[in-house]
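Me: I want to learn how to read a ligand site in a model. Can you take me through one, step by step?

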Amino acid sequence: MSIPNQRTVYLNGEYIPESEARLPFRDRGVKYGDAVFDTTRTFGHEPFKIREHLERLYRSLRYVGIDPGLSLDEMAEITEEIVRRNLPTIAADEDLWVSQRITRGIVDPNERSAWPDYIGPTVIVESLPLPLANRAKLYRDGIDMIVSSVRRTAPDMLSPRAKTHNYLNLIMADEEVSAQNPEAYALMLDHNGNIAEGRGSNVFFVSEGKLVTPQERYVLPGISRQTVMELAEKIGIPCAEKDYDLYDAYNADEAFITSTSFCICPCRSISGRVFGEGAIPGPVTKRLMDAYVEFVGFDWVSQYTRYPIGDATRL
Ligand code: PLP
């Protein structure tokens, strides 16, 4: 039998041990992925850009029409409390992911018969240690991206700008790519055939010293993507949001992904084509990684790379 962990989760107004959390199986989050979420991380145990993440969460909630019954400030307090309660479960040199998840709950009274008091949305705030150890290799060698045949959901079907629990579109791309190379990361195209994003990351390319990233309309507007665009401006690297196709990508000098946990991770290749001279990280990527470390005041690059190089995973 596995040993229950010691972490605490916030579930519908209560702070409880994770192992005691119970959800009705007819919750629409379980049935349909009818839910939204957001995730930030800590740097040296301090949550990063909580407000920006919660503002995005509340935009996702508004888009899908779920009222969490809590103000943004209340959600921020709960998030900070979950971090406080769960920091003692990690080592001093580790950090946490912290997520808010809100489902529509049970809507149909017929479905509520087994849980008559289960009214309103389900609100979960939870945290997990970052998967630091199995990413060291990615920072040393760079990520190999493979373009998936699964296209990113088009904005007129379900906006990719909302961070919803319905991740099957992204998961299907990832499944296809991992069957070809378990260490590779899926890169998805939008419905027009331009580059979109990965399962949990945005992507940037460097060409002739300039940065390019896909337009916000076709992707999740990452908080780290925004951070990189602001840092690029600050250190004088031009950056454009525009359509970028595979011809452009195969000819790029450098590429990297951005996400809350990765911050910036260099990419080595796309569908077997190595970027530029193959340096990891490339010179422009390195300048941005240095600027990111300075901006957050925490050396997340060393936090990842101090681990022995094992097999990379796609966490
Ligand atoms: N794109 C998708 C589909 C994501 O799920 C995520 C993060 O979870 C990102 C991009 C990166 O966003 P952020 O930088 O806010 O973590």
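Reply: Start with the space itself. This is a predicted model. Here the ligand takes up the largest pocket.

Me: Which elements give two or more residues to the shell around the ligand?

Reply: Two helices do: α2 (50-64) and α6 (223-234).

Me: How many residues surround the ligand, and which are the closest?

Reply: A residue counts if one of its heavy atoms lies within 4 Å. By that cut-off, 17 residues surround the ligand. The closest are Lys163, Tyr167, Glu197, Ser224 and Thr260.

Me: How does that shell divide into nonpolar, polar and charged residues?

Reply: It holds 4 nonpolar, 9 polar and 4 charged residues.

Me: Which side chains have N or O atoms at short range from the ligand's own polar atoms?

Reply: Look for N or O pairs within 3.5 Å. Lysine 163 has a side-chain N or O atom 2.4 Å from a ligand oxygen. For arginine 56, a polar side-chain atom lies 2.8 Å from an oxygen of the ligand. Glutamate 197 pairs with a nitrogen instead: its side-chain N or O atom is 2.7 Å from that ligand atom.

Me: What share of the ligand does the protein bury?

Reply: Compare the ligand alone with the ligand in place. Alone, it exposes 380 Å². The protein buries 94% of that.

Me: Now the whole chain. What does its radius of gyration say about the fold?

Reply: Set it against the value for a compact globule. With 315 residues, that value would be near 20 Å; the protein chain has 20 Å, so the two agree. Its C-alpha atoms fill a box of roughly 60 × 45 × 40 Å along the principal axes.

Me: What secondary structure does the chain hold?

Reply: It comes to 9 helices and 14 strands.

How values were computed. Residues are numbered from 1 along each chain as its sequence is written. This is a predicted model: local features need pLDDT of at least 70, side-chain atom pairs count only at pLDDT 80 or more; totals for chains, interfaces and linings use all residues. Side-chain values use heavy atoms; hydrogens and water are left out. A polar contact is a pair of N or O atoms within 3.5 Å; within protein, one must be able to donate a hydrogen and the other to accept it, and residues adjacent in sequence count only if both atoms are side-chain atoms. Accessible areas come from the Shrake-Rupley method with a 1.4 Å probe; for residues, only the protein chains shown count as cover. On a 1 Å grid over the protein atoms alone, a cavity is a set of points where a 1.4 Å probe fits but cannot get out, and a pocket is an open set with protein on both sides within 12 Å along at least five of seven lines; lining residues have an atom within 4 Å of a point. A molecule sits in a cavity or pocket if more than half of its atoms lie within 2 Å of its grid points. Helices (H or I, at least four residues) and strands (E, at least two) are DSSP runs, numbered from the N terminus. Ala, Val, Leu, Ile, Met, Phe, Trp, Tyr, Cys and Pro count as nonpolar, Asp, Glu, Lys and Arg as charged, and the others, Gly among them, as polar. The radius of gyration is taken over C-alpha atoms; the globule rule is 2.2 Å times the number of residues to the power 0.38.
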